[in-house]
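Dear colleague,

Please find the structure below, handed over for your own work. My findings follow directly after it.

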Amino acid sequence: MSALYSDTDPKMEAMQIQLWRQATPTLKMNMLAELNSFARMLALAGLRSRYPQAGESELRRKLAGLLLGEELARKVYGDLPDAK
């Protein structure tokens, strides 16, 4: 098996893979939920940086556009306030 990460010692990588294999389904789902939450936080931080004047509701709508795609986000949440 080839290395997943070039900056990780192969022994440590093998240990990580073994731990993932031994993890219960519940633990795996919890890890995925945490990763998903972290990704949303990073995306929201990026939006705040790009749109410093935007309010929370506008930022959350922009996040929905990123996560769902603009077409679905528009159907579910409506147009962005500045959309024409």
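**Salt bridges**

Arginine 74 and aspartate 79 form a salt bridge in which the closest N and O atoms are 3.2 Å apart. Please note that the model is a predicted one. Arginine 74 counts as partly exposed, because its relative accessible area is 40%.

This pairing belongs to a network of salt bridges that links Arg61, Glu70, Arg74 and Asp79. Within the network, the side chains of arginine 61 and glutamate 70 meet at 2.9 Å, N to O. Are these two partners buried or exposed? Arginine 61 is buried, since its relative accessibility is 6% and the cut-off for burial is under 20%. Glutamate 70, in contrast, has a relative accessible area of 33% and is therefore partly exposed.

A further salt bridge joins arginine 48 to glutamate 56, with 3.0 Å between the closest N and O atoms. Arginine 48 is partly exposed, because its relative accessible area is 35%. Glutamate 56 is likewise assigned as partly exposed, because its relative accessibility is 40%. How many salt bridges are there in the structure? The count comes to six. As general background, side chains of opposite charge can pair when their charged atoms come close.

**Rings and charges**

The charged end of lysine 62 is placed over the ring of tyrosine 51, at 4.0 Å from the ring centre. As for pairs between aromatic rings, the structure holds zero of them.

**The nonpolar core**

Which residues make up the largest nonpolar core? The core consists of five residues, namely Leu44, Leu47, Ala54, Leu59 and Leu63. Helix α2, which spans 25-50, and helix α3, which spans 56-68, each contribute at least two residues to this core.

Leucine 47, one of the core residues, lies in helix α2. Leucine 47 counts as buried because its relative accessibility is 2%, against a cut-off of under 20%. The C-alpha atom of leucine 47 is 7.6 Å from that of lysine 62, and the two residues are 15 positions apart along the chain. Lysine 62 is also the residue whose charged end sits over the ring of tyrosine 51.

Alanine 43 is another residue of helix α2. With a relative accessibility of 24%, alanine 43 is partly exposed, because partial exposure lies between the 20% and 50% limits. Alanine 43 and leucine 66 are separated by 23 residues in sequence, and their C-alpha atoms are 8.5 Å apart in space.

**The nonpolar surface patch**

Leucine 66 also takes part in a nonpolar surface patch, together with Leu67, Leu68, Leu72, Val76 and Tyr77. The area of this patch is about 580 Å². Which helices supply its residues? Helix α3 and helix α4 (70-77) each provide at least two residues of the patch.

Leucine 67, a member of the patch, is found in helix α3. Its relative accessibility is 44%, so leucine 67 counts as partly exposed.

**The loop between α2 and α3**

Proline 52 is located in the loop between α2 and α3. Is proline 52 buried or exposed? Proline 52 is exposed, because its relative accessibility is 60% and the cut-off for exposure is over 50%. From proline 52 to alanine 3 the distance is 40 Å, C-alpha to C-alpha, with their positions 49 residues apart in sequence.

**In brief**

To recapitulate, α2 and α3 each supply at least two residues of the largest nonpolar core, whereas α3 and α4 each do so for the nonpolar patch. Among the charged residues, Arg61, Glu70, Arg74 and Asp79 are linked in a salt-bridge network.

With kind regards

Key: Residues numbered from 1 in each chain as written. Predicted model: local features only at pLDDT ≥ 70, side-chain atom pairs only at ≥ 80, totals over all residues. Heavy atoms only, no water. Phe/Tyr/Trp six-rings, centres within 6.5 Å; stacked < 30°, edge-to-face > 60°. Lys NZ or Arg CZ within 6 Å of the ring centre and 35° of its normal. Core = buried A, V, L, I, M, F, W, Y, C linked by side-chain atoms within 4.5 Å. Buried < 20%, exposed > 50% of the residue type's maximum accessible area, 1.4 Å probe, protein only. Helix = DSSP H or I, 4+ residues; strand = E, 2+ residues; numbered from the N terminus. Patch = residues over 30% accessible without salt bridge, like charges linked within 9 Å, V, L, I, M, F, W, Y side chains within 5 Å. Areas by Shrake-Rupley, 256 points an atom, 1.4 Å probe, with all protein chains shown as cover. Salt bridge = Lys/Arg side-chain N within 4 Å of Asp/Glu carboxyl O.
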